[in-house]
Amino acid sequence: MNIETWFLVIYFIAMAGIGVWTLKIGTKGSEGFLLGGRSLGPAVTALRLQSSSMSGYMFLGAGSLAYTKGYFSLWYAMGDIGGGVLNLSILGRRMRKLSQILGSLTSIEYLEHRYPSRWIRAIAAPVAVVCIFFYVMTQFIAGGRGLEMVTGIPYAWALLIAVGVIVFYTFLGGYLAVAYTDFVQAIIMLIGMVWILIGTLQAIGGWTAGNEAVGQINPNLLTMWGPEGIDSVQWGVIIGAVLVFSIGYMGWPHVNVSHMGMKRPSVARTASMYATGFNLLFIPAPYIVGIMALIILPNLDNPELAVFEVAATVLPNFAVGIVMAGIMAAIMSTADALLLQSGTIASQDLFQRFIKKDMTDSQSVWVSRFTVLILAVIGYWVAVNDPPSVAEVAIFATTVLGAAFVPVYVAAAWWKKANVPGAITSMILGTVSSVGWQLAGLVDVTGVDPMGVGIVCSTLALIVVSLATQKSHPVPEHVIAAMHETDKIGAIPAHMLTGQNDALGGQVPKDA
């Protein structure tokens, strides 16, 4: 094996080792497997949240956009940089506290507890599972392509190895395994990406020389308006690009569960600082590398491999192994979070809620584990037979999640008049409008991104329907009381910890 492959083998063993290490906590009932016992501090919370939302998109999709669109691609980066701090600031403390008071173990269950109706979960769970499946499939594809390029192993086998490692530690340790591997992977991602950026700038003779060379290819690539210039700008697409990776985070169930796993609500404040620092260092790098790849690799056949190929070109062999571990870290950190969230939704939000209500904690954990395994098998089969574009599928899946769930998550913590009919209408209209807009090809016709359309529709639906149905469907008094308590900074009174999960009150710290 070459040195790059050895680095990857060591990395895979380390990630599997974390899964074994967290196995003990992962088997301590549903709360241990699904939320890691709500024991995570600010650094792990922040980097887990960021790494699980970055994904293989940052190493494939971001580089591809930059290679083809130039500095126009930075609209996506602008949204991404602020996404983590917005999510933690708006939802973090409140969602952590409210979920504890209401006794919620999953981010979908939290929605049903806040909007008490079985239809909330019946609608939210399938939408989340479908979108998450498409998103996790893009991570598998990215992982397989990366391993194939570095090791020379055929794509099908490389894909199988990547999927196998992810499934192994997610299957064993649950949320805690995912959280700690994501923390480690975030650090590796940062080191690897910064290393590629430094090597790229050295190879092209510096920032100024690189921009001058790109300008000779097409001066419009140096602007924020795209290769065709400002006359071709579609402002609706730009707005959607910023929205999907800024406020869009707040609609992603696999990201929002990070808030619920915090040790205490006050962790969100410090975590937001860690998240901002990580984003400022990490996010611009793959876009800049993708732009400068136009100079280093002017005839690249597949733009999605821009960052991979640049790394292989400008870095020494030993560094390529470390960088490839960083790339695999980005891919795996999102894939494991997506798989675990899919298993969580299947076991808690579908199977236990609608099929076997008397399911034990042990049974719930095993349903979650087998769901992870089944989705991984299906995802592998699709990815190996007809792999779609990573960037397109990732953006589409996250757009639908954002359009469907951002308003209901934000209103759940902040707006006391948001009720069941408003939430149901919001989720349905957000999903239908964003999917329909994309499938009907209206993006090209109107220049308006599906994310913008979906968010507007779901937000207006929540507000209008909630206000129109206040008398017929008032928000329950216990929910209002829980929200009033969430407004306060401080420990939760003992009498408030009487949610639907009776064990929660004794297991979770009551401090702020």
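In which helix does Val420 lie? Val420 belongs to helix H19, which spans residues 420-439. Please bear in mind throughout that the model before you is a predicted one.

Let me stay with Val420 for a moment. Its relative accessibility is 16%, and Val420 therefore counts as buried, the limit being 20%. Which residues does Val420 touch, once those up to four places away in sequence are not counted? They are Tyr115, Pro116, Ser117 and Ile120. For Pro116 there is also a backbone distance to report: the C-alpha atoms of Val420 and Pro116 are separated by 6.8 Å, although these positions lie 304 residues apart along the chain.

I turn next to helix H7, residues 107-114. This helix is mostly covered, with eight of its eight residues buried. The buried residues include the charged side chains that I shall discuss now, namely Glu109 and Glu112.

Applying the salt-bridge criterion to the model gives a count of six. As a general point, side chains of opposite charge can pair when their charged atoms come close. One of these bridges joins the side chains of Glu109 and Arg121, with an N to O distance of 4.0 Å. That pair links distant parts of the chain, since Glu109 sits in helix H7 and Arg121 in helix H8, residues 118-151, with the two residues twelve apart. Both partners are buried.

Arg121 has a further partner in Glu112, and here the closest N and O atoms are 2.4 Å apart. How buried are these two residues? Arg121 has a relative accessible area of 4% and so counts as buried. Glu112, at 6%, is likewise buried. Arg121 thus forms salt bridges with Glu109 and with Glu112.

The next residue for our attention is Arg94, in helix H6, residues 74-102. Arg94 is buried, because its relative accessible area is 10% and the limit is 20%. What does Arg94 contact, leaving aside its neighbours within four places in sequence? The residues are Ala413, Trp414, Thr486 and Asp487. Two of these contacts can be described in polar terms. A polar atom of the Arg94 side chain lies 3.2 Å from the backbone oxygen of Ala413, and the side chain of Arg94 makes a polar contact of 2.7 Å with the side chain of Asp487. Arg94 and Asp487 also take part, together with Lys416, in a network of salt bridges.

A separate salt bridge is formed by Lys488 and Glu485, whose closest N and O atoms are 3.7 Å apart. Are its two ends buried or partly exposed? Lys488 is partly exposed, at 48% relative accessibility, whereas Glu485 is buried, at 7%.

Finally, I should like to move to the surface. Trp366, Phe370, Leu373, Ile374, Val377 and Ile378 form a nonpolar patch there, and together they have about 560 Å² of accessible area. Trp366 is found in helix H17, residues 361-385. At 39% relative accessibility, Trp366 counts as partly exposed. It may help to recall that an α-helix has 3.6 residues a turn, so residues three or four places apart point the same way.

To close, I would ask you to keep three places in view as you inspect the model: Arg121 with its partners Glu109 and Glu112, the network of Arg94, Lys416 and Asp487, and the nonpolar surface patch that includes Trp366.

Terms used: Residues are numbered from 1 along each chain as its sequence is written. This is a predicted model: local features need pLDDT of at least 70, side-chain atom pairs count only at pLDDT 80 or more; totals for chains, interfaces and linings use all residues. Side-chain values use heavy atoms; hydrogens and water are left out. Buried means under 20% relative accessible area, exposed over 50%, partly exposed in between (1.4 Å probe, protein chains only). Helices (H or I, at least four residues) and strands (E, at least two) are DSSP runs, numbered from the N terminus. A polar contact is a pair of N or O atoms within 3.5 Å; within protein, one must be able to donate a hydrogen and the other to accept it, and residues adjacent in sequence count only if both atoms are side-chain atoms. Contact means heavy atoms within 4.5 Å. Patches are made of residues with over 30% relative accessible area and no salt bridge: like charges are joined within 9 Å, nonpolar side chains (Val, Leu, Ile, Met, Phe, Trp, Tyr) within 5 Å. Accessible areas come from the Shrake-Rupley method with a 1.4 Å probe; for residues, only the protein chains shown count as cover.
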